[in-house]
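Please open the structure in your viewer and keep the sequence panel visible. The tour below proceeds by selections, each followed by a description of what is found there.

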Amino acid sequence: MKSFTYERAASPAEAAAAAARVPGARFIAGGTNLLDLMRLEIETPMHLIDVNGLDLDKIEPTRDGGLRIGALVRNTDLAADPRVRRDYAVLSRALLAGASGQLRNKATTAGNLLQRTRCPYFYDTNQPCNKRLPGSGCGALEGFSRQHAVVGVSKACIATHPSDMAIAMRLLDATVETARPDGSTRRVPIADFHRLPGDTPHVEHALAPGELITAVTLPKPLGGTHLYHKVRDRASYAFALVSVAAVIQPDGNGRIAVGGVAHKPWRVEAAEAELPRGARAVAGPLLADASPTHHNAFKLTLVQRTLAAVLAEARA
Ligand SMILES: Cc1cc2nc3c(=O)[nH]c(=O)nc-3n(C[C@H](O)[C@H](O)[C@H](O)COP(=O)(O)OP(=O)(O)OC[C@H]3O[C@@H](n4cnc5c(N)ncnc54)[C@H](O)[C@@H]3O)c2cc1C
Ligand code: SF4
């Protein structure tokens, strides 16, 4: 691991200002992703700003009937919150499908949204990777790509976003709140927060340098039946090959978002109009323009079958 300096931030504004002031600075929350990347020297920040002491660990109701989740709320606490379990059960289920109990005790809401891909070529510094080293090429394109994306891909990168929680946040139309180095704040809809790879796969989200996530806000509850199905190689402690988050209303309408298939949580609102007609009808517009590799073409069938299982469970 490369050496680095360290400080504890006293306020969100101070954290953001410090991150902008010191070149190569990074925030650290639970550290469950960042420290692994630092050990492997995939990320080599010169300075760490520990945000764990900030007052950002509350879950509070909003004036319009939603819920405001502090950036430092641990995944375990968020999944167990009675309001989340009652009104946003898809979020609780997605969280509990991720990682392990020990990791969820440390992992935070903001860190989970910003965790980096699990593409094995990204983690192998002997391999080319445009995300790790822009312009070096993509090891996965000609390599083993069973885990990789099938929609929204580019010639530069076919990595997926690994978060389960982010799929549910996208389904629920969450908003990311931030504090910026100049003292201002802003709100970014989750639909605009994560990016597709394009020519710049190393640019993964909408945050500017030094911008700190302070909270994630959920709108008022949707009602309906909340489901999260995750298909993976092991029953636990494994990332999704395909996951489907759904809120289905009694009349068969609803929302769906899919994980394990793209560089960002994948939701196509036009496909949701097909929900009463069944999984095959939804899969068409959901996976339009899919561009799978030889290794991961199975994901197209797997999405449709996982959708069918979700819809059957919702009906039952
Ligand atoms: C073995 C293993 C298995 C896992 N399995 C799963 C799984 O199945 N599903 C799943 O979803 N996840 C899984 N994870 C990932 C885990 O959920 C993430 O590592 C965790 O959510 C990251 O949160 P953290 O607080 O530890 O982030 P950190 O590691 O502290 O930070 C991650 C990134 O977020 C940035 N950051 C942190 N807080 C802020 C903030 N407030 N504002 C701006 N930037 C910030 C950091 O600078 C860093 O870039 C797994 C991890 C491991 C190690
Ligand atoms: S898919 Fe993306 S992360 Fe994986 S090797 Fe290619 S550029 Fe890197």
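**First stop: a hairpin**

Select residues 242-248, which form strand β10; this strand pairs with β11 in the antiparallel sense over six bridges. The model on display is a predicted one. Extend the selection to residues 254-259, the span of strand β11. Together β10 and β11 make a hairpin, with five residues between the two strands. In the turn, select G252, whose phi is positive, at about 95°. At the end of the pairing, display I248 and look across to β11: the residue opposite is G254.

Now colour β11 by accessibility. How many of its six residues are buried? The count is five, and the strand is thus described as mostly covered.

**From the hairpin to helix α12**

Select I256 together with V310 and draw a line between their C-alpha atoms. The separation is 9.8 Å in space, although the two positions lie 54 residues apart in sequence numbering. V310 belongs to helix α12, which spans residues 298-315. Is V310 buried or exposed? Its relative accessible area is 0%, so V310 counts as buried.

**The five-stranded sheet**

Next, select strands β4, β5, β6, β7 and β8. These five strands form an open sheet, and across the sheet their order is β4-β5-β8-β6-β7, with antiparallel pairing. Which strands stand at the edges? They are β4 (59-61) and β7 (185-189); each has a single partner strand, so one side of each is left without a neighbour in the sheet. Viewed from strand to strand, neighbours in this sheet are turned against each other by 25° on average, direction ignored.

Within the sheet, select residues 175-179 and 212-218, which are strands β6 and β8. Five bridges join this antiparallel pair. To locate one of the bridges, display T178 and I213: I213, in β8, is the bridge partner of T178. When side chains are shown on these strands, a general pattern may help with orientation. In a regular strand, side chains alternate between the two faces of the sheet.

**E211, beside the sheet**

Keep T178 displayed and add E211, which is found in the loop between β7 and β8. The side chains of E211 and T178 make a polar contact of 2.6 Å. Add A208 as well: its backbone nitrogen is 2.8 Å from a polar atom of the E211 side chain. With a relative accessibility of 3%, E211 counts as buried, because the cut-off for that class is under 20%.

**Ligand 1 and its shell**

Select ligand 1 and display the residues around it. There are 32 of them, and the closest are R26, F27, T32, T108 and D164. Several elements each supply at least two residues of this shell: β2 (25-28), α2 (34-39), α7 (109-114) and β8. Which element provides the largest share of the shell? It is α7, with four residues.

Then inspect the backbone close to the oxygen atoms of the ligand:

- A29: a polar backbone atom is 2.9 Å from an oxygen atom of ligand 1.
- G31: the distance from a backbone N or O atom to an oxygen atom of ligand 1 is 2.7 Å.
- N33: a backbone N or O atom lies 2.9 Å from an oxygen atom of ligand 1.

Switch to a surface view to see the cover over the ligand. On its own, ligand 1 has 980 Å² of accessible area, and the protein covers 94% of that area.

**An aromatic pair**

Select F122 and Y123 and display their rings. The count of aromatic pairs comes to one. The ring centres of F122 and Y123 are 5.3 Å apart and the planes stand at 85°, so the pair is edge-to-face. Both residues are buried.

**Last stop: two positive phi values**

Most residues other than glycine have a negative phi. Select E41, in the loop between α2 and β3 (47-50); its phi is positive, near 60°. At 35% relative accessibility, E41 counts as partly exposed. Finally, select D289, in the loop between α11 (279-286) and α12. Its phi is also positive, near 65°. D289 has a relative accessibility of 76% and so counts as exposed.

Note on methods. Residues numbered from 1 in each chain as written. Chains lettered and ligands numbered in written order. Predicted model: local features only at pLDDT ≥ 70, side-chain atom pairs only at ≥ 80, totals over all residues. Heavy atoms only, no water. Pairing = 2+ DSSP bridges. Axes fitted to C-alpha atoms, helices over the stretch in contact; angles between N-to-C directions. Phe/Tyr/Trp six-rings, centres within 6.5 Å; stacked < 30°, edge-to-face > 60°. Buried < 20%, exposed > 50% of the residue type's maximum accessible area, 1.4 Å probe, protein only. Near = heavy atom within 4 Å. Polar contact = N/O pair within 3.5 Å; in protein donor to acceptor, adjacent residues only side chain to side chain. Areas by Shrake-Rupley, 256 points an atom, 1.4 Å probe, with all protein chains shown as cover.
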